[in-house]
Amino acid sequence: MKSMDCLRNGLPAALAAGLWAVCAPAGAQSTAVLSADHTTPGDVVTYGMGYSQQRFSPLKQINARTVSRLVPVWAMGTNNSLGDEAQPLVSGGMMYYTTGKSTYAVDALTGRMAWKHELEYGPDIGRAALSGQVNRGPALYEGKLFRTTLDAQVLALDAKTGKELWKSKSADYKQGYSMSVAPLVANGVLITGIGCGEHGGRGYIEAWDPETGKQLWRKYTIPAPGEPGSETWPEGDAWTRGGGPAWLTGSYDPALDLVFWGVGNASPWNAQDRRGDNLYTASVLAMRPKTGEVVWYYQFTPNDTFDFDGNNELVQADILVAGKPRKVVMQANRNGFLYVLDRVSGELLAANAFTRQTWAEGIDMKTGRPVETAAVKKMRETGDWVTVAPAAFGGKNWNPMSFSPATGLLYANVLDNEWDYRPAKQPYEAGAPYIAMEAKWRFDQKAGGALKALDPVTGKAKWQHPWTIASFSGTLATAGDLVFTGNMTGEFAAFHAGTGQKLWSFQTSSGIVSQPITWEHGGRQYVTVASGIGTVYLFFAGDERLATVPPGGTLWTFALMP
Amino acid sequence: MQWPRSLSLSSRLLCALAIVVAVQTPPILAGQTPAAGDAPSPDLAARGRGLYLSHCMRCHGPNMITPGTIAYDLRKFPADQKDRFVLSVLNGKGAMPAWGGAVTGDDIDALWAYVLTRGK
């Protein structure tokens, strides 16, 4: 039973509001509740608004006809100026939200804070958090809230009070390990992944007992000598600092009991000293949540040399491919290709460019491997400069896309960028950034990115909305024919899912680099998004047009004007 | 003392702090503050650029080009306040991590020489 069910019999709204939390049964956020999240819009209890991470809602009170009446109903400052990237969760009348240092429980209807939990970090914490001192959201399970910390710990709080229940250390942040991932609870197991891809770490995905914080298993993304896949690494110790971070949340198919988790770039970026495919960097792993067993894998970018992480979200859907219904998992990869894989077997079904890319001729559908251009091959042989797109920002960065079963389209904020690149020598030093390349960034400020409605199988855009400055915001699709997203200058907007027409927008308090959600209570649909500029683009791109976008986080909630 | 117009209130406080702390000058600070306008050694600046690329660029931007909202715009760092720069690097400030223990005095000298080039 979902927490909202007891309210659907015509209770007055005010009474219903008061009873919301009371109605939440003990054992809220059970496995059954988490598994049904995509069909129960009264709450949002999983990252991605459902285990499949479609970020699609069946709600349609806010729709193409009514969205012009959408107005803010509350806003809450998050006391954070380092980037608000988290996806909120909604359960039992509370909204749960995280930043790099804070965890908040907020009355979902009024925006008043119920409790907060603050983390303390050492003054050197920022060294390890290369992607920013951010957090991407909490997880909920059976009355507990779970989150990760910048100093590589996993934390459990009492969701009612914010009291700390347990804290487990995953790694030593002084060695360049950090965590920002929203945890995944799958089949009763709490799963997290580590960030370490720019510090010469050895990545892993690991599982915890939600009750006690005891580690259940750890699966390194780079095999040790003698283990399967180790033959793809050279002799020596390159594998010990070979990267393979796992910093974004996997999706889960309860019917198959498989977790799909993306693995990031090989380390250092320059591949000259690690010949071979370097499994399982730049890959997806299909894993059993109870054991960490890898059932299948697919490597997007063998011997990655351009920071082409495979971490991006892995969105599941049941779609037609070549006229046949297939259970697929899809990723718009940093390398500029949109991959469609059979999620039962791992078979590659489609891989087409979804943005400008100049590093590969294409993906060989027989071998599943990219065919690199002559210029990239020459760079690998000679060490000469090469100009390639995408640059390390990728064809798409971490900010998640959505999928609408109604239109069959993916909605993603896509990037268009390139760089001049050449390998360089850099000695490894524990805890220090480990890149070993030189680059001249060329982020085209005229064509930096667009919101695209993508056909998953062809990678082609049915429509696109270009941004003046590339957007690093997630998207949200609804049955109301709408796609919500934000942009770097703080505009939160709704587009028609079928045509791309911009129907509504609101100027928020900062830039939006987060993950909008929608939910309903008492017959009213709400949309929530965090505004608070950050991301690697803000820090790395040198885009001075952002000088007039004030930092500082605010959680905004919208509903239709009565 | 005339405060540079570009400094915020918090920066002024840090300047004041720098002066106070400089009473107990750590070895790394001693005798290293050049007169404003001194040209940095090109070799030192080149080494500083290398350190900047690996340690600093990720927040402060390519060639120090940045919107300057969360990360400080180093192109504006007052050339006569090396002590303040050293303290910020060693101890961190705001979102900036403390690099004490990870960088040497020579490293900071090189970084300072690069900062004085303003990325040009």
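# Exercises on chain A: burial and salt bridges

Chain A contains four helices and 38 strands. The model is predicted.

## Exercise 1. Overall character of the chain

Task: State what share of the residues in chain A is buried, what share of the contacts with a separation of 6 or more joins residues 24 or more positions apart, and what accessible surface the chain has.

Solution.
1. Chain A has 562 residues, and 67% of them are buried.
2. Among contacts with a separation of 6 or more, 61% involve residues 24 or more positions apart.
3. The accessible surface amounts to about 18500 Å². Carbon and sulfur atoms contribute 52% of this surface.

## Exercise 2. A salt bridge between two strands

Task: Locate Glu206(A) and Arg218(A) in the chain, and determine whether each is buried, partly exposed or exposed.

Solution.
1. The two side chains form a salt bridge with an N to O distance of 3.1 Å.
2. Glu206(A) belongs to strand β13 (residues 204–208), whereas Arg218(A) belongs to strand β14 (residues 215–220). The partners are twelve residues apart.
3. Buried requires a relative accessible area under 20%. Glu206(A) is therefore buried, as its relative accessibility is 1%.
4. Arg218(A) has a relative accessible area of 28%, so this residue is partly exposed.

## Exercise 3. A salt bridge between two loops

Task: Identify the loops that hold Asp273(A) and Lys425(A), and state how many residues separate the pair.

Solution.
1. The side chains of Asp273(A) and Lys425(A) make a salt bridge at 3.5 Å, N to O.
2. Asp273(A) lies in the loop between β16 (258–262) and β17 (283–287), and Lys425(A) in the loop between β28 (418–423) and β29 (437–442).
3. The separation is 152 residues, and the pair links distant parts of the chain.
4. Asp273(A) and Lys425(A) are both exposed.

## Exercise 4. A second pair in strands, and a network

Task: Classify Lys502(A) and Glu491(A) by accessibility, then name the residues that shared salt-bridge partners join into one network.

Solution.
1. A salt bridge of 2.6 Å, N to O, connects the side chains of Lys502(A) and Glu491(A).
2. Lys502(A) is in strand β35 (residues 502–507) and Glu491(A) in strand β34 (residues 491–496), eleven residues apart.
3. With a relative accessible area of 35%, Lys502(A) is partly exposed. Glu491(A), at 17%, is buried.
4. Asp253(A), Asp318(A) and Arg343(A) form one network through salt bridges that share partners.
5. Over all chains, the whole structure holds 25 salt bridges.

How values were computed
Residues numbered from 1 in each chain as written. Chains lettered and ligands numbered in written order. Predicted model: local features only at pLDDT ≥ 70, side-chain atom pairs only at ≥ 80, totals over all residues. Heavy atoms only, no water. Buried < 20%, exposed > 50% of the residue type's maximum accessible area, 1.4 Å probe, protein only. Contact = heavy atoms within 4.5 Å. Areas by Shrake-Rupley, 256 points an atom, 1.4 Å probe, with all protein chains shown as cover. Salt bridge = Lys/Arg side-chain N within 4 Å of Asp/Glu carboxyl O.
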